[in-house]
Amino acid sequence: MMLAITSARSALAYARAEARTMIVDRGALAVDMVLATAVPILLQVAVWSAIFASGSDVGIDLASLISYYVFVVGLSRINNGYDVVEQFSEAVHKGTLDPHLVRPLPYWLQRLAGFVGGSTVYLVVMVVALGIDVVARPLPRDVSVFDILTFLLAALAVLLVSQVLTFFVAFTLALLVAWSTRPDLALSLLILLQTVLGGTVLPPGLWGSNLRWFMAHNPFAYMLAAPAEFLSSRDVGLAIPSLLGALAYIAIFAFASWILWRVMMRRFEGVGG
């Protein structure tokens, strides 16, 4: 019991430290939120407004589609595993991994806590997105306070689980390319997969029938598209498949990362690490 409490406190300390690091770098944070969040949303609004103005029917109304893009772009800032791969690769190549390995908290938990802590700063993006969505699409008059609280709790659960999934996917990739001299290729691949398979380019439902199932059920979709569809639909029922799919992939990637970690540690010790 005491060990669990100590581990929880240590994890919280890592999360706080990473969050403070993000807050200190206010300039980069502001630029990231404006350029990497606002600009893509405005581009999607312009593109889809032009498509709808031409009379094209895509099977979904413009307001719902824009709402989806607001959330999926916001989620792409929170659920971004770029730093997980980059920092791990840097630690391996510079030989700075040892101090982390002797700490009482397992290395993967150190990185997970830091990842979640750093990402909490971007929750302001989701709060703004929710505010914009409510203004653009007012809530029905019959919605109760209980309904709103239920939705918000479900949203927090979906966001947290999607974050854990993002971490394990990125950590698995980091372990695969840890010894590579060109980790930038893996980083580019991760960004590409999150953009295309995650639903940032196109919602899963708008893909052709042959690809629709895969685009809706791949791991990157459960990081971005599934949570975005849940948030934009305001349907608490959609939280369940989103959570179940993400948890299934978390189990798969957590197991894969555990195997890769054991293999890496044997190699690491074998070269005097």
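Trainee: Is Arg234 buried, partly exposed or exposed?

Mentor: This is a predicted model. Arg234 sits in the loop between α12 (225-233) and α13 (239-270). Buried means under 20% relative accessible area and exposed means over 50%. At 24% relative accessibility, Arg234 therefore counts as partly exposed.

Trainee: What is the sign of phi in Arg234?

Mentor: Arg234 is a residue other than glycine. Its phi is near 60°, and the sign is positive.

Trainee: How many helices and how many strands does the protein have?

Mentor: From the N terminus on, the elements run α-α-α-α-α-α-α-α-α-α-α-α-α. The count for the protein is zero strands and 13 helices.

Trainee: Are helix α3 and helix α7 roughly parallel or roughly antiparallel?

Mentor: Helix α3 covers residues 62-78 and helix α7 covers residues 123-136; their axes lie 9 Å apart at an angle of about 175°. Angles over 145 degrees count as roughly antiparallel. So α3 is, relative to α7, roughly antiparallel.

Trainee: Which residues of α7 make the contact with α3, and how many residues of the contact are nonpolar?

Mentor: On the α3 side the contact is made by Ser67, Val70, Phe71, Gly74, Leu75 and Ile78. On the α7 side it is made by Leu123, Val125, Met126, Ala129, Leu130 and Asp133. By class, the contact has two polar residues, one charged residue and, for the nonpolar class, nine.

Trainee: Where is Ala63, and how far is its C-alpha from that of Arg137?

Mentor: Ala63 is found in helix α3. Its relative accessibility is 40%, so Ala63 counts as partly exposed. Ala63 and Arg137 are 74 residues apart in sequence, and their C-alpha to C-alpha distance is 7.6 Å.

Trainee: Which helix gives the most residues to the largest nonpolar core?

Mentor: The largest nonpolar core has 66 residues, and those touching the most other members are Val85, Phe88, Leu97, Leu165, Phe171, Phe230 and Met264. The helix that gives the most to this core, with 16 residues, spans residues 145-176 and is α8.

Trainee: Which residues are in contact with Phe171, leaving aside its neighbours within four places in sequence?

Mentor: Phe171 is one of the core residues that touch the most other members. With those sequence neighbours left aside, its contacts are Val84, Phe88, Tyr107, Trp108, Ser257 and Trp261.

Trainee: What share of the exposed area do carbon and sulfur atoms supply?

Mentor: Of the 273 residues, 41% count as buried. The protein exposes about 14,400 Å², and the share supplied by carbon and sulfur atoms is 70%.

Methods: Residues are numbered from 1 along each chain as its sequence is written. This is a predicted model: local features need pLDDT of at least 70, side-chain atom pairs count only at pLDDT 80 or more; totals for chains, interfaces and linings use all residues. Side-chain values use heavy atoms; hydrogens and water are left out. Axes are lines fitted to C-alpha atoms, for helices over the stretch in contact, and angles run from 0 to 180 degrees between N-to-C directions. Helices (H or I, at least four residues) and strands (E, at least two) are DSSP runs, numbered from the N terminus. Angles under 35 degrees count as roughly parallel, over 145 as roughly antiparallel, 65 to 115 as roughly perpendicular and the rest as oblique. Contact means heavy atoms within 4.5 Å. Ala, Val, Leu, Ile, Met, Phe, Trp, Tyr, Cys and Pro count as nonpolar, Asp, Glu, Lys and Arg as charged, and the others, Gly among them, as polar. A nonpolar core is a set of buried Ala, Val, Leu, Ile, Met, Phe, Trp, Tyr and Cys residues joined through side-chain atoms within 4.5 Å. Buried means under 20% relative accessible area, exposed over 50%, partly exposed in between (1.4 Å probe, protein chains only). Accessible areas come from the Shrake-Rupley method with a 1.4 Å probe; for residues, only the protein chains shown count as cover.
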